[in-house]
Amino acid sequence: MKIRDFEKNDRETVLEMVDTFYSSPGVLHRIPTQNFAGAFDEMCGGGSLRLRGLLIEHNGQPAGFCSLSFSYSTEAGGPVVLIEEVYIAPAFRGHGLGAGVFAFIKEEYRGKAARLRLEVAPENERAAALYRRLGFEPLPYNQMILEDF
């Protein structure tokens, strides 16, 4: 397995995987592909302090992607890495790539972030089981959003 930052020539491959991910039952709702396309462009612009995109490769083939965003939490007492999306294509599941991505993130941000955080749809039991095995714990919060304001 190889994990590397997105490169501009990954755009079509990544956007196809994003579309597949957001069409799956593992997410609560679709997002317009152009939303991620803008994020992809920022991730590849170099030096983004807000976003990072990772391509996951297995045997030289694109096998999935991960997107990260960054914030600061007074509660946690430091920077937070929000693991926005982790997607492994069906053909590559069961090879330990998901766990490998999290090992990469933990190593990459150990000593640099106070907390790793992620969201998981209640129906995505397989992902939630992986996250629990990796040490993530549910938070007793209800998240709320306001869009189109």
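Analyst: Two strands pair if DSSP finds at least two bridges between them. With that in hand, we can read the sheet of this predicted model.

User: Happy to start there. What is the strand order of the open sheet, and what kind of pairing does it have?

Analyst: The general idea comes first: strands of a sheet pair through backbone hydrogen bonds, either parallel or antiparallel. Here, 5 strands form an open sheet in the order β1-β2-β3-β4-β5, and the pairing is mixed. The edges belong to β1 (2-5) and β5 (115-118); each has a single partner strand, so one side of each is left without a neighbour in the sheet. On average, neighbouring strands are turned by 30° against each other, direction ignored.

User: How many bridges join β3 to β4, and do they run parallel or antiparallel?

Analyst: Strand β3 (residues 61-73) and strand β4 (residues 78-88) run antiparallel and are joined by 10 bridges. If you would like a place to look on the structure, find Y72, which stands opposite P79 in β4.

User: Which strands does helix α2 touch, and which does helix α3 touch?

Analyst: Helix α2 (residues 33-44) packs on the sheet through β2 (51-58), β3 and β4, and its direction makes about 90° with that of β2. Helix α3 (residues 97-109) also packs on the sheet, with contacts to β1, β2, β3, β4 and β5; the angle between its direction and that of β2 is about 140°.

User: Let me try a single residue. Is R4 buried or exposed?

Analyst: The cut-off for buried is under 20% relative accessible area. R4, which is found in strand β1, has 15% relative accessibility and therefore counts as buried. Its side chain makes a polar contact with the side chain of E57, at 3.4 Å. Leaving aside residues up to four places away in sequence, R4 touches D10, G53, L54, L55 and E57.

User: Now the helices. Which residues of α1 are buried?

Analyst: In α1 they are V14, L15, M17, V18 and F21. These cover an arc of only 160° around the axis, which puts them on the same side of α1. As for partners, the buried residues of α1 pack against α2, β2, β3 and β4.

User: And which residues of helix α4 are buried?

Analyst: Helix α4 (residues 125-133) buries A127, A128, L130 and Y131. Seen down the axis, they fall within an arc of 160°, so they line one face of the helix. The face turned away from that buried side carries the exposed residues E125, R126, R132 and R133. The buried residues of α4 pack against α3 and β5. Just after α4, G135 takes a positive phi of about 100°.

User: I would like to read the aromatic rings too. How many aromatic pairs does a search of the whole structure find?

Analyst: A pair of aromatic rings is described by the distance of the centres and the angle of the planes. The search of the whole structure finds 10 pairs. Take F21 and F65: their ring centres are 6.2 Å apart and their planes stand at 90°, so the pair is edge-to-face. F21 lies in helix α1 (residues 11-21) and F65 in strand β3, so this pair ties together parts that are 44 residues apart in sequence. Both F21 and F65 are buried. A further edge-to-face pair is that of Y131 and F136, with 6.2 Å from centre to centre and 65° between the planes. Both of these residues, Y131 and F136, are buried as well.

User: Which residues do ring pairs link into a cluster?

Analyst: The cluster holds F21, Y22, F36, F65 and Y87.

User: One last feature, the backbone. Where is N59 found, and what is its phi?

Analyst: Most residues other than glycine have a negative phi, and most peptide bonds are trans. N59 is found in the loop between β2 and β3, and its phi is near 50°, a positive value in a residue other than glycine. At 69% relative accessibility, N59 counts as exposed. D148 is another case to check: although it is not a glycine, it has a positive phi of about 55°. D148 is found in the segment after α4, and with 82% relative accessibility it counts as exposed.

How values were computed. Residues are numbered from 1 along each chain as its sequence is written. This is a predicted model: local features need pLDDT of at least 70, side-chain atom pairs count only at pLDDT 80 or more; totals for chains, interfaces and linings use all residues. Side-chain values use heavy atoms; hydrogens and water are left out. Helices (H or I, at least four residues) and strands (E, at least two) are DSSP runs, numbered from the N terminus. Axes are lines fitted to C-alpha atoms, for helices over the stretch in contact, and angles run from 0 to 180 degrees between N-to-C directions. Contact means heavy atoms within 4.5 Å. Buried means under 20% relative accessible area, exposed over 50%, partly exposed in between (1.4 Å probe, protein chains only). A polar contact is a pair of N or O atoms within 3.5 Å; within protein, one must be able to donate a hydrogen and the other to accept it, and residues adjacent in sequence count only if both atoms are side-chain atoms. The arc is that of the directions from the helix axis to the C-beta atoms. Rings of Phe, Tyr and Trp (its six-membered ring) pair if their centres lie within 6.5 Å; planes under 30 degrees apart count as stacked, over 60 as edge-to-face and the rest as tilted.
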